[in-house]
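Reader: I should like to examine how this chain is packed. Please show the structure, and let us then proceed from the overall contacts to one pair of helices.

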Amino acid sequence: VLITAVSVIGSGFGVATGGQAQDIFAFAHNPVVGLVIGILATVLTQSSSTTTSIVVGLVAGGLPLETAIPILLGANVGTTMTSTLVSLGAAGDRNQFRRAFSAASVHDMYNLLSVAIFFPLEWMFGILERVGTWFAGITTGADGGIIATVFTALGNVVSAVTDPGADMIEAGALGVLPSVWAGIAMIIIGVALILLVINFISNMLKVLLVGNVEKMFHKAIGRGPISGIFSGLLITVMVQSSSTTTSLAVPLAASGKFSLWQIYPFTVGANIGTTMTAVIAAFAFSGGEATAAMTAAAVHLFYNIFSALTIFLIPFLRPLPVRGASWIGALGAKNKIYVVAWLAGLFVVLPALLIGITALFS
């Protein structure tokens, strides 16, 4: 259903824009505007998996990759709001809230740091676009050899299962509405299906994990950063939602059973794990659309891998998210107004300032 929904979004976007996607999204040509769109879209859906899946579908439908990349980067920042809201459940006890809010904020700090590093690098050098294009070439391109053959065969199998449903929705929309409105209706249906599927998977796995989650966390997180990263990655691939994974960790941090340094790599692994949804979504397409979709999915994948490698392997960068989270956690424990100010600053004031500054200098 997820892959069918992404396919419907791609087709709907192509129908709605009539091949003029670049002109329609001219307002988002500024990378800073794209970054803000990614942040706000993910805040609204409370799921970076949803945002990135939608973007993959839009790229397949004609959205320029240079417009999509900042949106994908912004999705990482927007997804951090969920765990911050979960931390408010410990607000009755000052010490517990300090630990919970710090654990939630380490995700904020890490993603802000990674965006601060890679957003300007991408703007200037197009590193992620080049790597994403290379990866899509070897997995879906004509010159990709055996790897492309395997990926294409897998994509064909998936398409055989999902195309009938997508075609039925498209035929129904086009049969009732004019082309532009039919395309918009298809996008809305696709987004609604993605939200339902992600929410269903997340809730189902949360119920299954809740009995054993603390035992799993103790075995995985307590063994060191590498184990923590891989456990965060694995659980997020299972639940298809980094918001769910990081939200599971917050109450355990609040109880004092895990330190901030143990939670930190777990959230990094969750960032990498959530990229699998976009990769899965890319299998909704074939031919040139598949290459475009896989390029967008690969950008999100490699951005999170490069971020983890850069921040964890450079000694002076590694402790910065923990220090920032400890600082904001202590402030929030003293007065809840700092929590409100942090949320408003990160998700309202910062986006407005970014847009305002770029408008001033453009």
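Reader: Which share of the contacts with a separation of 6 or more joins residues 24 or more positions apart?

Author: The model is a predicted one. It contains 18 helices and zero strands, and 54% of its 362 residues are buried. Among contacts with a separation of 6 or more, the share from residues 24 or more positions apart is 82%.

Reader: Which helix gives the largest share of the largest nonpolar core?

Author: That core has 87 residues, and those touching the most other members are Val56, Ile194, Tyr264, Phe285 and Met294. Another core, of six residues and including Val8 and Met186, lies apart from it. With 13 residues, the largest share of the 87-residue core comes from helix H16.

Reader: How are H7 and H14 oriented to each other, roughly parallel, roughly perpendicular or oblique?

Author: Helix H7 (residues 94–125) packs against helix H14 (residues 260–273) with the axes 9 Å apart and at an angle of about 50°. H7 passes H14 in a right-handed crossing. An angle under 35 degrees would count as roughly parallel, and 65 to 115 as roughly perpendicular; H7 and H14 are therefore oblique.

Reader: How many charged residues does the contact of H7 with H14 have?

Author: In H7, Ser102, Ala103, Val106, His107, Tyr110 and Asn111 meet residues of H14, among them Ile263, Tyr264 and Thr267. Tyr264 is itself in contact with Val106 and Tyr110, and beyond these with residues including Ile311 and Arg318. By class, the contact of H7 with H14 has seven nonpolar residues, five polar and, as to charged ones, none.

Terms used:
Residues numbered from 1 in each chain as written. Predicted model: local features only at pLDDT ≥ 70, side-chain atom pairs only at ≥ 80, totals over all residues. Heavy atoms only, no water. Core = buried A, V, L, I, M, F, W, Y, C linked by side-chain atoms within 4.5 Å. Buried < 20%, exposed > 50% of the residue type's maximum accessible area, 1.4 Å probe, protein only. Helix = DSSP H or I, 4+ residues; strand = E, 2+ residues; numbered from the N terminus. Contact = heavy atoms within 4.5 Å. Axes fitted to C-alpha atoms, helices over the stretch in contact; angles between N-to-C directions. Parallel < 35°, antiparallel > 145°, perpendicular 65-115°, else oblique. Left-handed = near helix turned anticlockwise from the far one by under 90°. Nonpolar A, V, L, I, M, F, W, Y, C, P; charged D, E, K, R; others polar. Lists of a residue's contacts leave out its neighbours within four places in sequence.
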